[in-house]
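Here is a guided walk through a structure, written for someone who likes to follow the atoms. Please keep the viewer open as you read.

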Amino acid sequence: MDNFLLIFLSLLISINVSAQLNQVNYDEKEVPEYKLPELLISKSGRKIKNTKRWEKIRRPEILKLFEQEIYGKVPQTISISEVNVHEETTDIFDGLATRTQVELVFRKDDQELGVNVLLYLPKDTAKVPVFVGYNFKGNHAINDDPDILLTDSWVPDNPSLGIVHNQVTEQSRGVSNERWPIEEILKSGYGIVTAYYGDVDPDRDNFQDGIHPFTYRLGQFRPGNDEWGAVSAWAWGLSRIMDYLETVPTIDASKVVVFGHSRLGKTALWAAAKDQRFAMCISNNSGCLGAALSRRQFGETIGKITSTFPHWFCENLNKYSAREELLPVDQHMLLGLIAPRPLYVTSATADLWADPKGEFLSASEAGKVYALYEKEGLPVAEMPEPNSPVMGTIGYHIRKGKHNITAYDWKQFIRFAEKHFAPVIAIE
Ligand code: GTR
């Protein structure tokens with residue numbers, strides 16, 4: 001009898017869990033009551049009242065929790081073995097910029113990985129600030145420029161763009177150019193640096209390619225439970241690109257803005273949280289496990305994301321599927337790790353899957369850490385109207401429209417960057 005009861009109860013629980021996983025909540029009234037973990041009280045119960053305590057005690061604690069439970073730690077140090085300059089051209093876009101294409105090569109035993117980095121830098125200026133972020137389809141997809149090298153990395157098939165057998169062709173050249181207003185960026189005096197995220201780790205549920213196998217012991221086939229998922233690997237790649245940018249004489253490495261859209265927005269946040277050399281961070285429509293609060297369970301949830309994209313995070317995250325309340329952190333703490341550096345978060349009105357309100361509330365809460373540094377977080381208490389950006393040391397806008405990164409978004413990013421560090425010499 002007892003056994004029957006037990007089976008019946010566990011059946012009920014699993015039905016309940018899968019029901020929770022299958023439904024998507026878009027109703028504010030259905031958001032559960034929740035209490036966010038305290039940003040400014042340490043594990044041992046100490047109040048964090050100043051930047052010294054924040055930096056010594058609370059910041060490392062929070063960073064470790066994100067590492068262990070969500071994104072996964074990088075198991076070993078892997079450095080660039082070699083930089084191959086594939087191409088350098090001094091006159092691009094009618095003399096506006098230089099273009100450089102380099103390959104960062106990583107080697108270990110008989111393994112080799114190449115990450116192709118494309119740089120457009122404004123010409124005839126002093127050291128320039130730059131935006132750095134990944135692209136989704138290969139460097140050649142960001143502009144019609146016929147000389148951008150095609151990637152030979154694995155790319156998800158997309159026959160309408162001529163991407164078959166996971167290899168790109170000329171047909172996808174420039175297909176993402178609306179997301180990359182390069183000339184406007186250059187004219188504002190900023191450089192732009194990008195790489196294809198799949199060079200670092202192909203975006204598929206397979207830990208046999210990309211950078212992951214570099215750290216395996218004999219007989220190991222996937223990272224340990226607290227070790228890097230794909231987001232963490234991509235963030236690691238951004239730091240290696242940063243290593244390279246520090247060596248480029250025409251770049252001001254103290255003014256590097258890391259940015260990303262969607263899964264790459266999550267990546268930009270984690271990269272900026274871990275690597276304080278990034279002077280500013282922009283996360284565009286980053287949603288679940290990006291800027292949005294997980295406990296709201298609005299739109300995409302932990303259960304959804306870990307079942308659709310199990311390779312993005314570390315194995316430990318699965319414990320919190322439909323159990324968000326047990327998470328030792330929430331995403332406002334990730335944003336807090338970026339303080340006191342300028343941080344810009346965006347949402348889009350039709351991107352409910354990413355929970356715009358949760359993204360705003362999280363940015364708002366993170367302001368508590370900025371306050372320790374006597375910096376203004378978000379300058380408003382209420383969510384602003386669509387297309388009405390607000391800019392403190394934390395900035396935010398909700399754009400009219402769907403999940404995307406548009407010229408409108410870029411206009412605000414440039415304004416935000418100019419507000420915090422204008423280029424030394426802007427070009428005409
Ligand atoms: C969605 C995913 C989101 C977001 C997006 C993207 O399908 O559920 O978390 O990251 O993909 O990266 O395009």
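Let's begin at R204, which is partly exposed because its relative accessible area is 30%, between the limits of 20% and 50%. Before going further, please keep in mind that this is a predicted model. R204 has a charged partner in D209, and the closest N and O atoms of this salt bridge are 2.7 Å apart. Is D209 buried or exposed? With a relative accessible area of 14%, D209 is buried, since the limit for that class is under 20%. The pair therefore joins a partly exposed arginine to a buried aspartate.

That salt bridge has company, for the structure holds 26 salt bridges. One of them brings together the side chains of R277 and D243, at 2.8 Å from N to O. Which parts of the chain does this pair tie together? R277 sits in the loop between helix 6 (263-274) and strand 7 (280-284), while D243 belongs to helix 5 (residues 230-245), so the contact links parts that are 34 residues apart in sequence. R277 is partly exposed at a relative accessible area of 25%, and D243 is partly exposed too, with 23%. The pair is also part of a network in which salt bridges with shared partners join R240, D243, E246, D275 and R277.

For another salt bridge, turn to K35 and E38, whose side chains meet at 3.9 Å, N to O. If you want to check that value against the criterion, the cut-off for a salt bridge is within 4 Å. K35 is exposed, with a relative accessible area of 64%, whereas E38 counts as partly exposed at 39%.

Now for the ligand. Which residues surround it? The shell consists of S262, R263, K266, E300, I305, F309, W312, W353 and H403. By character, these residues divide into four nonpolar, two polar and three charged. Several polar side chains are worth zooming in on. A polar side-chain atom of R263 lies 2.5 Å from an oxygen atom of the ligand, and E300 likewise places a polar side-chain atom 2.5 Å from a ligand oxygen. S262 contributes as well, with an N or O atom of its side chain 2.7 Å from an oxygen atom of the ligand. How much of the ligand's accessible area does the protein cover? On its own the ligand has 320 Å² of accessible area, and the protein covers 79% of that.

W353, one of the residues around the ligand, also leads us to the surface. Together with V24, Y26 and L352, W353 forms a nonpolar patch there, and the four have about 330 Å² of accessible area together. Within this patch, V24 is found in the loop between helix 1 (2-22) and helix 2 (51-71). V24 counts as partly exposed, at 31% relative accessibility. That value is enough for a place in the patch, because patch members need over 30% relative accessible area.

From here, move to strand 1 (residues 82-92), where E87 is located. E87 is buried, with a relative accessible area of 17%. The side chain of E87 is joined to that of R99 by a polar contact of 2.4 Å.

Finally, a word on backbone geometry. Most residues other than glycine have a negative phi, and most peptide bonds are trans. With that in mind, where does this model depart from the usual pattern? D94 has a positive phi of about 50° although it is not a glycine. D94 lies in the loop between strand 1 and strand 2 (97-108), and at 87% relative accessibility D94 counts as exposed. L289 is also not a glycine, yet has a positive phi of about 65°. The loop between strand 7 and helix 7 (302-308) holds L289, and here the residue is buried, with a relative accessible area of 0%. These two residues therefore sit in opposite settings: D94 is exposed, whereas L289 is buried.

The peptide bonds offer an exception of their own. A339 and P340 are joined by a cis peptide bond, with omega about 0°. P340 is placed in the loop between helix 8 (331-336) and strand 8 (343-348).

Conventions. Residues numbered from 1 in each chain as written. Predicted model: local features only at pLDDT ≥ 70, side-chain atom pairs only at ≥ 80, totals over all residues. Heavy atoms only, no water. Near = heavy atom within 4 Å. Polar contact = N/O pair within 3.5 Å; in protein donor to acceptor, adjacent residues only side chain to side chain. Areas by Shrake-Rupley, 256 points an atom, 1.4 Å probe, with all protein chains shown as cover. Nonpolar A, V, L, I, M, F, W, Y, C, P; charged D, E, K, R; others polar. Patch = residues over 30% accessible without salt bridge, like charges linked within 9 Å, V, L, I, M, F, W, Y side chains within 5 Å. Helix = DSSP H or I, 4+ residues; strand = E, 2+ residues; numbered from the N terminus. Buried < 20%, exposed > 50% of the residue type's maximum accessible area, 1.4 Å probe, protein only.
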